[in-house]
Amino acid sequence: MPPGDAKPLRIGVFGGTFDPPHVGHLVTAVNVRHALDLDLMLLMVNNVPWQKVGSRPITPARDRLAMVAAAVADVDGLEAGDHEIEAGGHSFTADTLATLGAEYPGAELFTVVGDDAAAGIRTWERADEVISRSRMVVVDRPGEHAELDADVDWVRVEVPRLEVSSTDLRARWNDGRPLDYLVTDEVLAVVAERGLYASEGVA
Ligand code: ATP
Ligand code: MG
């Protein structure tokens with residue numbers, strides 16, 4: 001097909017700390033990709049999650065990237081995004097969308113967030129730029145029923161509701177409860193290889 005006739009690529013950007021990535025993230029990514037017919041869904045690993053800094057020790061970005069890459073390795077259309085880690089410094093979605101716009105000229109971008117993150121959209125750096133550069137997609141997150149900004153043209157996608165969080169998983173690690181089926185075996189292998197979460201009580 002001549003380039004002029006090619007359909008624009010549809011790319012989802014699902015940002016997070018992914019400390020660690022879990023079944024809630026993966027089920028969301030796969031189902032949003034399917035529902036919106038996205039060519040690519042990037043799980044964009046935050047370098048410095050500025051809204052979380054200071055509240056707890058955050059696993060180094062490269063280790064979080066390795067966990068996400070392991071989690072999506074065999075999944076069609078899902079990829080770990082290293083753009084924010086490569087850029088260094090604080091991670092702002094507005095900058096990431098600009099970078100992706102340059103990397104994939106003409107692509108349609110979709111910013112994907114759970115209810116909790118959607119509710120905080122106005123606290124994001126240059127929120128207007130995020131909203132103008134991408135379609136805003138929100139998914140239900142059990143336990144979070146926030147009011148969404150009515151000025152944003154949200155696309156809501158139904159995904160299976162899984163009440164799982166990374167915070168929850170770190171607590172499980174701490175007291176030795178099983179993580180099976182909440183994270184993939186590949187993620188557990190990276191955790192073991194790299195000795196992650198050791199300071200949180202994991203051998
Ligand atoms: P933490 O507890 O450390 O904040 P988290 O589980 O909330 O971790 P994040 O990396 O903060 O994961 O979230 C990245 C994105 O994934 C956010 O948009 C968040 O709303 C969404 N998300 C996380 N868990 C779920 C879930 N179980 N269902 C739907 N969306 C989720
Ligand atoms: Mg969170």
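Modeller: Let's start with a rule: angles run from 0 to 180 degrees between N-to-C directions, along axes fitted to C-alpha atoms. In this predicted model, helix α4 (residues 93–103) runs at about 150° to β1 (10–16).

Biologist: Which strands does α4 lie across?

Modeller: Helix α4 lies across β1, β2 (40–45) and β4. Those strands belong to an open sheet of six, in the order β3-β2-β1-β4-β5-β6, with parallel pairing.

Biologist: What makes β3 and β6 edge strands?

Modeller: β3 (78–81) and β6 (155–157) each have a single partner strand, so one side of each has no neighbour in the sheet. From one strand to the next, the twist averages 30°.

Biologist: How do you know that β4 and β5 are paired?

Modeller: Pairing needs at least two bridges between the strands. β4 and strand β5 (residues 135–139) share five bridges in the parallel sense, so by that rule they count as a pair. One residue to look up is Gly114, whose bridge partner in β5 is Val139.

Biologist: Let's turn to two helices. Why are α2 and α8 called roughly antiparallel?

Modeller: Helix α2 (residues 61–72) and helix α8 (residues 185–194) pack at an angle of about 150°. Angles over 145 degrees count as roughly antiparallel, and therefore α2 and α8 earn that name. Their axes are 8 Å apart, and α2 passes α8 in a right-handed crossing.

Biologist: Which residues make the contact?

Modeller: From α2 come Asp63, Ala66, Met67, Ala70 and Ala71, while α8 brings Glu186, Val187, Ala189, Val190 and Arg194. By class, that contact has seven nonpolar, no polar and three charged residues.

Biologist: And what makes a residue count as near ligand 1?

Modeller: Its C-beta atom, placed from the backbone, has to lie within 6 Å of the ligand. There are 18 residues around ligand 1, and Gly16, Gly24, Gly114, Ser166 and Thr167 come nearest. Two or more residues come from each of α1 (23–35), β4 (108–114), α5 (115–119) and α7 (166–175).

Biologist: Which element gives the most to that shell?

Modeller: Helix α1 does, with three residues. Sorted by class, the shell holds six nonpolar, nine polar and three charged residues. Glycine goes with the polar class in this scheme.

Biologist: Where is the cis peptide bond?

Modeller: Look between Asp19 and Pro20, where omega is about 5°. You will find Pro20 in the loop between β1 and α1.

Biologist: What is notable about the phi of Tyr181?

Modeller: The value is near 75°, which is positive in a residue other than glycine. Tyr181 sits in the loop between α7 and α8.

Definitions and conventions
Residues are numbered from 1 along each chain as its sequence is written. Chains are lettered from A and ligands numbered from 1 in the order in which they are written. This is a predicted model: local features need pLDDT of at least 70, side-chain atom pairs count only at pLDDT 80 or more; totals for chains, interfaces and linings use all residues. Helices (H or I, at least four residues) and strands (E, at least two) are DSSP runs, numbered from the N terminus. Angles under 35 degrees count as roughly parallel, over 145 as roughly antiparallel, 65 to 115 as roughly perpendicular and the rest as oblique. A crossing is left-handed if the near helix is turned anticlockwise from the far one by less than a right angle, and right-handed if clockwise. Two residues are in contact if their C-beta atoms, placed from the backbone, lie within 7 Å.
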